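Work through the exercises below with the sequence and the model open beside you, and try each task before reading its solution.

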Amino acid sequence: AAGKTSLLEAVFFLGRGRSFRTRQIERLIRTGADALTLIGQLASEVRPVVLGIRATRDGTEARIGGRPVETLADLATAFPVQVIDPNVHKLIEEGPSGRRRAMDWGVFHVEHGFAGDWQRYQRALKQRNAALRTHLPGPATRAWDADLTASGAALSAARRRYVQQLQPIVERTARALVGLDVRITLSQGWPSNESLDEALAASWARDARFRATTAGPHRADLEIRADGFLARDRVSRGQQKLLAASLILAQLELLQALSSRAGTLLLDDPAAELDADHLQALMTEVTRL
């Protein structure tokens with residue numbers, strides 16, 4: 001109760017524009033205050049860089065070196081940060097959205113066109129879904145398909161390249177931590193034997209019924225298998241933590257290998273769920289970074 005996690009949470013916020021414990025900004029603002037303000041200084045071989053964030057219940061503003069940033073992605077570029085905390089097992093245990101975000105953090109840092117493709121895809125997806133919800137005619141709704149397929153195919157290809165490079169590092173790290181044969185594969189979000197354009201055409205009736213786009217990269221998952229089985233179905237809570245840690249450590253190692261940039265790793269209560277031997281194995285892998 002000395003505030004160690006709060007300090008780590010503040011450091012994480014400077015690189016992500018959000019907390020790793022909650023997505024409800026009002027829970028982070030002191031009672032009676034209108035906003036939270038964070039200021040941090042990054043060490044640099046040239047000169048220190050100051051990061052600043054002001055978050056209110058209505059939004060978040062950030063500055064790098066005193067200049068406003070266009071998007072919070074600029075913060076992630078300036079300060080790549082990851083965390084291993086007591087809830088990291090949820091990366092294995094829960095649904096695909098968390099694994100998709102974790103994967104995209106790594107793709108963003110090593111595939112320079114990914115952020116633009118992701119933004120274009122999200123914009124087209126939002127417009128297509130809005131058209132589906134308001135029952136616009138088919139031609140008006142499918143007018144967004146060209147933008148959706150072009151940007152979606154590009155970001156899915158970037159994810160595929162990233163996962164292929166990440167796999168051998170995850171395999172080695174997971175073997176050291178849990179002694180299991182771990183494989184990660186990209187489930188792209190539509191049938192592998194179809195192009196995205198073909199998948200959108202095939203799912204049109206379903207999309208119209210559910211009023212949402214049901215095929216595409218927004219439905220992707222990073223499948224994690226241990227000894228041939230889906231990890232979430234076969235391993236203990238402690239093993240889930242170590243598998244998630246394997247993925248995070250592998251991402252930081254790959255980031256440094258491909259970009260010559262060192263990310264920052266935050267460790268919050270690493271001993272939770274682990275016995276002494278597995279804790280020692282985790283710390284050994286951490287010190288390799």
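## Exercise 1: the helix α7

Directly after α7 comes Gly179, which has a positive phi near 70 degrees; helices here (H or I, at least four residues) and strands (E, at least two) are DSSP runs, numbered from the N terminus. The model is a predicted one, in which local features need pLDDT of at least 70 and side-chain atom pairs count only at pLDDT 80 or more, while totals for chains, interfaces and linings use all residues. Residues are numbered from 1 along each chain as its sequence is written, and side-chain values use heavy atoms, with hydrogens and water left out.

Task: determine where α7 bends, and by how much.

Solution. Take the bend at a residue as the angle between axes fitted to the seven residues ending there and the seven starting there. By this reckoning α7, which spans 145-178, bends by about 35 degrees at Leu166. Then look along the chain from that point, where a proline, Pro168, follows within four residues.

## Exercise 2: α4 against two other helices

Task: state how α4 is oriented relative to α7 and relative to α11, and list the residues through which α4 meets α7 and α11.

Solution, step one. Axes are lines fitted to C-alpha atoms, for helices over the stretch in contact, and angles run from 0 to 180 degrees between N-to-C directions. The axes of α4 and α7 come within 10 Å and cross at roughly 90 degrees. That angle makes α4 roughly perpendicular to α7, since angles of 65 to 115 degrees count as roughly perpendicular, those under 35 as roughly parallel, those over 145 as roughly antiparallel and the rest as oblique.

Step two. Counting a contact when heavy atoms lie within 4.5 Å, Arg100, Met103, Asp104, Gly106, Val107 and Val110 of α4 meet Ala158, Arg159, Tyr162 and Val163 of α7. Sorted by class, this contact has six nonpolar, one polar and three charged residues, where Ala, Val, Leu, Ile, Met, Phe, Trp, Tyr, Cys and Pro count as nonpolar, Asp, Glu, Lys and Arg as charged, and the others, Gly among them, as polar.

Step three. The axes of α4 and α11 also come within 10 Å, but they cross at roughly 10 degrees. Therefore α4 is roughly parallel to α11. On the α4 side the residues are Ala102, Met103, Trp105, Gly106, His109 and Val110, and they meet Gln251, Leu252, Leu255 and Leu258 of α11. This contact divides into seven nonpolar, three polar and no charged residues.

## Exercise 3: pockets

Task: describe the largest pocket by its volume, by the residues closest to its centre and by the elements that line it.

Solution. On a 1 Å grid over the protein atoms alone, a cavity is a set of points where a 1.4 Å probe fits but cannot get out, and a pocket is an open set with protein on both sides within 12 Å along at least five of seven lines; lining residues have an atom within 4 Å of a point. Grid points are joined across faces, edges and corners, and a volume is the space filled by probe spheres set on the points.

The largest pocket has a volume of about 1400 Å³. Its lining has 39 residues, and Arg16, Arg18, Arg23, Arg101 and Ala102 are the closest to its centre. Among the elements that each supply at least two lining residues are α1 (4-16), α5 (114-133) and α11 (237-259), but α4 gives the most, with ten residues. By class, the lining has 16 nonpolar, twelve polar and eleven charged residues.

## Exercise 4: cavities

Task: set out the lining of each of the two cavities of 30 Å³ or more.

Solution. The largest cavity, of about 40 Å³, is lined by Val170, Ala174, Val182, Ile184, Ile224, Leu243, Ser246 and Leu247. Its lining has seven nonpolar, one polar and no charged residues, and α11 provides the largest share, three residues.

The second largest cavity has a volume of about 30 Å³, and its lining consists of Arg172, Thr173, Leu249, Ala250, Glu253, Glu285, Arg288 and Leu289. The elements giving two or more of these residues are α7, α11 and α12 (276-288). Here the classes are three nonpolar, one polar and four charged, and the largest share, three residues, again comes from α11.
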